Amino acid sequence: MLGFVGLDIAKDTFTVCFLLVENGGQVNSQTTQTFTADQPGWQAFLSVWQQMPAETWHIGLESSGPYTRLFLHHLQTLPYSVYLLSPLQVQHFRRSRSLRKAKTDRIDAESIAVWLHSMWQENNLPRVARPRSALRDLAYLYNQLTQELTRVQNRFRQVLHVLFPELERTQTRFPKTLRHLLSAYPSAQRIAQAPLDALDALLSHGRGQRLALSAQTLQALAATSWGLEDAVAVAHLQHLLALWDDLETRREAVFHSLRQAVQQQFPQAWQLLRAIPGLGERLVALFLALVDNPQRFSSAKSLVAFAGLDPSVYQSGNFQGHGRLSKRGLPLLRHVLFLMAQALVRYTNRFRQAFQHYREQGRSYREAMVIVARKALHVLYSLLLRQVPFQDLPASST
């Protein structure tokens, strides 16, 4: 007898459907039960499972963010095939089974088990799930800290515009040296009244380099400022500056861990990608962490689909058209690939010429860059699969 197990995972519980099938393919029985997501619940689940008469099992569960990794780890210690399914697959299959608009944990678990059974009947089971790497979670943490830092920086500029609008307008960047000065003198009035040598010492501090903005220029700008001297805004600015420093420090620590882990896990891929002009450590580390070994993909097209850079296709009768990007993959990976495309267009002849070609065809900047990103993904996949270095085109090539 053959068995199929469908797991629907929630934060505190998980629902399991046991589907028993005769060797001829006929369904023998179906049992659904909910367990707590803890050690006693897991042991109870195994105890119920052991009473099932099937000899071979196929186990399926949805990819449900951070909760999946824990269940996947425990399931892969068992001597059975485990499949990690896309929620979109399960959603479409569940809707195809009934016209009713109903979604419960029980229905989801049953849908997973029945879907595995139908794929087994068609001899079309998906690939067995690989152990989930923590690198992707680390990449998402780095991205989350980056987004938080951007929000703090934007809010900082808004508050500074109240206290010292002339400085906010003239400065595109706020390096740590200037932030330390603003932490000590957080308004135009305080900068205007500060000792010139104190301002000069703060601006001269940091990596032995002076800023283009001198203490005299800054104080003259502050003396004519129409910014407010508001105690609440001053406290707000100082808190934002402290939060900026803290987030920057934490983000760098996370990136250090990410870079070290990627280098250890993919040393050859790291060297090959870092040798490509324009691809810095951050882009390479994020790319490898999100893709998690490009060689696991059967083709470059499957990697492009994983990133969601493949165009959607619509065909009806004699009409067949390509729509927008499917965007079924990882949003963060698409963002990283777009940044990689921009760097490759800037630093390599091959991708610069491709970008110019698409622009000459009338493509918009973003559309041309997305096409370059897809082209770059094909090239990177080929380089990593064959373990050969990147070869750029000569500058005079057309």
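**Helix H4 and the H5–H13 crossing**

Helix H4 covers residues 105–121, and its 17 residues should span 24 Å at 1.5 Å a residue; the end C-alpha atoms turn out to be 25 Å apart, which agrees. This, like everything below, comes from a predicted model.

So how does H4 sit in the fold? Twelve of its 17 residues are buried, so H4 is largely enclosed by the rest of the structure. A residue counts as buried here when its relative accessible area is under 20%. The buried set begins with Asp108, Ala109, Glu110, Ser111, Ile112 and Ala113, and carries on with Val114, Trp115, Leu116, His117, Ser118 and Met119. As for what these buried residues pack against, the partners are strands S1 (2–9), S2 (13–21), S3 (27–36), S4 (56–62) and S5 (81–85), along with helix H3 (87–97). After H4 comes Asn123, which has a positive phi, near 55°.

Another pair of helices is worth a look. Helix H5 (residues 135–163) and helix H13 (residues 281–291) have axes that come within 8 Å and cross at roughly 135°. That angle makes H5 oblique to H13, and the crossing of the two is left-handed. On the H5 side, the contact is made by Leu135, Arg136, Ala139, Tyr140 and Tyr142, while H13 brings in Arg282, Leu286, Ala289 and Leu290. Sorted by class, this contact between H5 and H13 has seven nonpolar residues and two charged ones, with no polar residues.

Key: Residues numbered from 1 in each chain as written. Predicted model: local features only at pLDDT ≥ 70, side-chain atom pairs only at ≥ 80, totals over all residues. Heavy atoms only, no water. Axes fitted to C-alpha atoms, helices over the stretch in contact; angles between N-to-C directions. Helix = DSSP H or I, 4+ residues; strand = E, 2+ residues; numbered from the N terminus. Parallel < 35°, antiparallel > 145°, perpendicular 65-115°, else oblique. Left-handed = near helix turned anticlockwise from the far one by under 90°. Contact = heavy atoms within 4.5 Å. Nonpolar A, V, L, I, M, F, W, Y, C, P; charged D, E, K, R; others polar. Expected span 1.5 Å × (residues − 1). Buried < 20%, exposed > 50% of the residue type's maximum accessible area, 1.4 Å probe, protein only.
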